[in-house]
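This report goes through surface, internal space and charged contacts in turn. The sequence and the model are shown here for reference.

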Amino acid sequence: HAIELVLADEEDLQKYIRQHYGVAGDTLDALGGGHTGAELEHASLDTDETAQAQEASVVRLVNDLLVEAVRERATDVHIEPYEQDLAIRYRIDGVCVEIEKLQKNLQNAILSTIKLMAGVNIAERRIPQDGRIKFPVPEIDQMGEPVYKDGQPVINQIDFRVSTCPAFYGESVVLRILRPDSVRIGLLNLGFEQDSLDVFNKIIRRPNGIFLVTGPTGSGKTTTLYSALAILNTPDRKIITAEDPVEYNFNGINQVQIREQIGLSFGVVLKSMLRQAPNIILIGEIRDREVADIAIQAALTGHLVFSTLHTNDA
């Protein structure tokens, strides 16, 4: 047959590659990709080596899913159990995209692997749990080739914030991807028009007041504020943050993790922070009237307050 050359944009090409081969296609084949869930449920493992090989393949599959999510610039990985299968979705640019539907019989092994990596109780399936994964991801260039520095591959340590929630057909898991490079992206690369950037720079350098960044989940509120803090983080300023959770660590900034279960709420932390004589306060999110009142009071008493509000269209 003659070979026909056609043009295709990168987005369509990636979509069809995933459609026909899936993420980690070789790994899925090793796990029995050509068999139905029912066949695999009744398949017997002949040897311990076979069981170990299958366990290693599940770990490799989870690793591949995480690496692919980072390279696709996803903000979240959603692992959702249904009656017949296990759906894998990435949230990219605020929109959930279905990446793969895995066989139901892989569900327990995949969820247990993620929970083990996140340091949570793998036997507890009745209540929600939160954990964290630090995972090495090799950096690649625009052509998909590994990036090297001084002869060694460049490895980025990526944090994943893990949340499990019991659902009807099993535990639903969401992994929030926290990229260190998003903090270092800089204001110039956030997409501001020059006029807006000039106004932004003037606002964040005021000695006091309150500055709110609003928008829906995944719109870049935290990245925007962290980019501002990176500019203001100098030895002559004392900066304290109250966050739930602390998403990125900064040298030179006192960051407080909110722990509602022991009474360390935003309100309690903020009252204490005001006695620490800060120049700048960052509140992860204003969620109730008490926090809003304290934030406004802090702004009126000589502090510069940064915070976010969750909104759908503003």
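## A nonpolar patch on the surface

At 35% relative accessibility, Leu212 counts as partly exposed, because that class covers the values between the 20% limit for buried and the 50% limit for exposed. The model is a predicted one, and in it Leu212 belongs to strand E9.

Leu212 is also one of four residues, with Ile210, Ile296 and Leu300, that form a nonpolar patch on the surface, and together these side chains have about 360 Å² of accessible area. The patch draws on two elements of secondary structure, since strand E9 (209-215) and helix H10 (289-300) each supply at least two of its residues.

## The second largest pocket

The second largest pocket holds about 1000 Å³ of space. Its lining is made up of 38 residues, and those nearest the centre of the pocket are Arg176, Gly218, Gly220, Lys221 and Thr223.

Which elements each supply at least two residues of this lining? They are strand E8 (170-178), helix H8 (221-232), strand E12 (280-283) and strand E13 (304-310), and H8 gives the most, with six residues. Sorted by class, the lining of the second largest pocket has twelve nonpolar, 14 polar and twelve charged residues.

## One cavity

Rolling a probe the size of a water molecule over the atoms shows where empty space is left. For cavities of 30 Å³ or more, the count comes to one, and the largest cavity contains about 40 Å³ of space.

The residues that line the largest cavity are Asn108, Leu111, Ser112, Lys115, Ile122, Arg125 and Glu171. Helix H5 (residues 107-118) provides the largest share of this lining, namely four residues. In terms of class, the lining of the largest cavity has two nonpolar, two polar and three charged residues.

## Salt bridges

How many salt bridges does the count give? The count comes to eleven salt bridges. One of them pairs Arg91 with Asp76, with 3.8 Å between the closest N and O atoms. This pair links distant parts of the chain, as Arg91 lies in strand E2 (residues 85-92) and Asp76 in strand E1 (residues 76-81), 15 residues apart. The partners fall into separate accessibility classes: Arg91 is partly exposed, with a relative accessible area of 22%, whereas Asp76, at 7% relative accessibility, counts as buried.

A salt bridge is also formed by Lys134 and Asp159, whose closest N and O atoms are 3.1 Å apart. Lys134 is in strand E4 (residues 129-138) and Asp159 in strand E7 (residues 155-167), so the pair ties together parts of the chain that are 25 residues apart in sequence. Here Lys134 counts as exposed, at 53% relative accessibility, while Asp159 is buried, with a relative accessible area of 15%.

The side chains of Glu285 and Arg287 likewise meet in a salt bridge, with an N to O distance of 3.4 Å. Glu285 counts as partly exposed at 24% relative accessibility, and Arg287 counts as partly exposed at 47%. Salt bridges that share partners also join Asp76, Arg91 and Arg176 into one network; Arg176 was named above among the residues nearest the centre of the second largest pocket.

## Two loop residues

Phe250 is placed in the loop between strand E10 (239-243) and strand E11 (254-257). Is Phe250 buried or exposed? At 13% relative accessibility, Phe250 counts as buried, because the limit for that class is under 20%. Along the chain Phe250 and Leu229 are 21 residues apart, and their C-alpha atoms are separated by 9.2 Å.

Arg206 is found in the loop between helix H7 (194-204) and E9, the strand that also contains Leu212. With a relative accessibility of 52%, Arg206 counts as exposed, because exposed means over 50%. Although Arg206 and His303 are 97 residues apart in sequence, they are 9.5 Å apart in space, C-alpha to C-alpha.

Methods:
Residues numbered from 1 in each chain as written. Predicted model: local features only at pLDDT ≥ 70, side-chain atom pairs only at ≥ 80, totals over all residues. Heavy atoms only, no water. Patch = residues over 30% accessible without salt bridge, like charges linked within 9 Å, V, L, I, M, F, W, Y side chains within 5 Å. Areas by Shrake-Rupley, 256 points an atom, 1.4 Å probe, with all protein chains shown as cover. Buried < 20%, exposed > 50% of the residue type's maximum accessible area, 1.4 Å probe, protein only. 1 Å grid on protein atoms, 1.4 Å probe; cavity = no way out; pocket = protein on both sides within 12 Å on 5 of 7 lines; lining within 4 Å. Points joined across faces, edges and corners; volume = space filled by probe spheres on them. Nonpolar A, V, L, I, M, F, W, Y, C, P; charged D, E, K, R; others polar.
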